[in-house]
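Visitor: I am new here and would like a close look at one single part. Could you show it to me?

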Amino acid sequence: MSAFRQFYQRASNVYSSNPRLYNLLVITTVSGGGLLAISNSSAFADASQVDVKKKKVVVLGTGWAGTSFLKNLKDPSYEIEVVSPRNYFAFTPLLPSVTNGTVEARSIVEPIRNIVRKKKFDVQFKEAECYKIDTVNKKVHCKSTQDNNLGGTEEFTVDYDYLVIAMGARVNTFNTPGVVEHAHFLKEIEDAQRIRRSVIDCFERASLPNITEEERKRILHFVVVGGGPTGVEFAAELHDYVIEDLAKLYPALKEHVKITLLEAGDHILNMFDKRITVFAEEKFQRDGINLKVGSMVTKVSEKEICTKERATGQTVSIPYGMVVWSTGIGTRPVVMDFMKQIGQTNRRVLATDEWLRVEGCDDIYALGDCATINQRRVMEDISAIFNKADKKNTGRLKVDDFKEVINDICERYPQVAIHLKKKQLKNFNNLLKNSQGDDELDIEKFKLALSEVDSQMKNLPATAQVAAQQGEYLAECFDKMDACEKNPEGPLRFRATGRHRFHPFRYQHFGQFAPLGGEQTAAQLRGDWVSIGHSTQWLWYSVYVSKLVSWRTRMLVISDWGRRFVFGRDSSRI
């Protein structure tokens, strides 16, 4: 017993002078004598104090592109900061329904903090407006958008490692005099609410006893400028509102109401199939909506709108009570200043490459309505493509020699696939054979074979569908950025060695809708499948509900639709 006590005392003394030996003894015993790595507790304390610096990603905007990016980003290794003058995401395709009370404004918005709080990493949000982008110092200059009575305008800067510009666009007035001062736009929630109040104001003013008949007709004349999907849908929604609801509340005014749709082109909905265009124009005529094509607006005053008729060249003045301007989009001033800064002064919209990276800026990405993809032309790289396939440097290639690069060509230049489809050719080999009927090509024959390919290049439409897909794509790229840096997955670099880091962005068109009123909708879906009528209206209901960003907004919109079916639309001016 005394021998054991002596051993214990010696062991205690050894541990007091060399505590690490005790750690070695215990861990070796537990591990069965295996190879060990021993760390002291103080080392963990030191390691916990060392923070790995995260790359900071600043997102400008909470529209379709920005919100889609935030929703789909999964990698927690980024520090995310969002800057936007609106602290919510708005489901803009339903804005025309907000103008007449079919859907309430709050039913189609989701606070951005509700969306990002479900992420596994922290996302900071600042309700402010970006007014300058400093690419040299990698800073974004912002100012608050709250009312001045809260303490005045606050200005601050935000540093970034990566910048995602998703600021959307503004309404394009084409510098038409009087539009900004007198016309309503339909781009934001506030626009839809103003239009709703203005419609009720027109009816209430026309109900006053001292208003003349001529003045009453003017007040109840609603003019919509722009025959695109938004203008057509608003005109249809307004017509339904007047016929189904306001006519019952203002029976004496029903005969004085007039809705006019002005379009500068030959037809409305010119981006749709001709069958849809014809159906829409015939339906508007049956409904009594005054459709004037070939009418270009030259001026808007307080009570009149002036148009120039293309057929006759005459200028016509049209009295109106309310004008809604829906003629396309333009670039925001902050984006225009940024374009000047990076040398894109000769463009109307910010240009990016096929990976949504701003041309000339490696760490800045732009998506949605504020940017367009500058697709590279095949003829710019035609010699490099030929040389990539000509591994033996013979200057002549057989069609089969292109096998190794065909997939990369079609992926890098999507206009090739469009050209093949238009020419009804099965594959790239058929294109090469079809041009000369020869199995062997030199560089000149190769150029001739692909000479018409670039004519198929088209810019993507400025739609919510495009913006949402771009946001999802960019989030996926950020999630696998480190992995693809080591193992690139994109197509071959024809002018350099190796491969591109990512697959380029490719838009998948799933179709588009055009609600025409009277519970009828036109749809042009994939494969040029056209559907028109009441059944398509129910398809429109189901698709739009599925695309809403949360179950809360889905339930609210469905309940709004149900309330409208049972009780009609609300005409309160609130």
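Visitor: By class, how many nonpolar, polar and charged residues does the lining of the largest cavity have?

Guide: Happy to help! This is a predicted model, in which local features need pLDDT of at least 70, side-chain atom pairs count only at pLDDT 80 or more, and totals for chains, interfaces and linings use all residues. Residues are numbered from 1 along each chain as its sequence is written, and side-chain values use heavy atoms, without hydrogens and water.

The lining of the largest cavity has five nonpolar, seven polar and six charged residues (Ala, Val, Leu, Ile, Met, Phe, Trp, Tyr, Cys and Pro count as nonpolar, Asp, Glu, Lys and Arg as charged, the others, Gly among them, as polar). The structure holds one cavity of 30 Å³ or more (on a 1 Å grid, points where a 1.4 Å probe fits but cannot get out; lining residues have an atom within 4 Å of a point). The space in the largest cavity is about 150 Å³ (the volume filled by probe spheres set on the points). Its lining counts 18 residues, and Glu237, Asp240, Glu519, Gln537 and Arg564 are the closest to the centre.

Which elements supply this lining? Two or more residues each come from helix H10 (229–249), strand E24 (511–517), strand E25 (520–525), helix H20 (534–547) and helix H21 (551–567) (DSSP runs of at least four residues for helices and at least two for strands). H10 gives the largest share, four residues.

Conventions: 1 Å grid on protein atoms, 1.4 Å probe; cavity = no way out; pocket = protein on both sides within 12 Å on 5 of 7 lines; lining within 4 Å.
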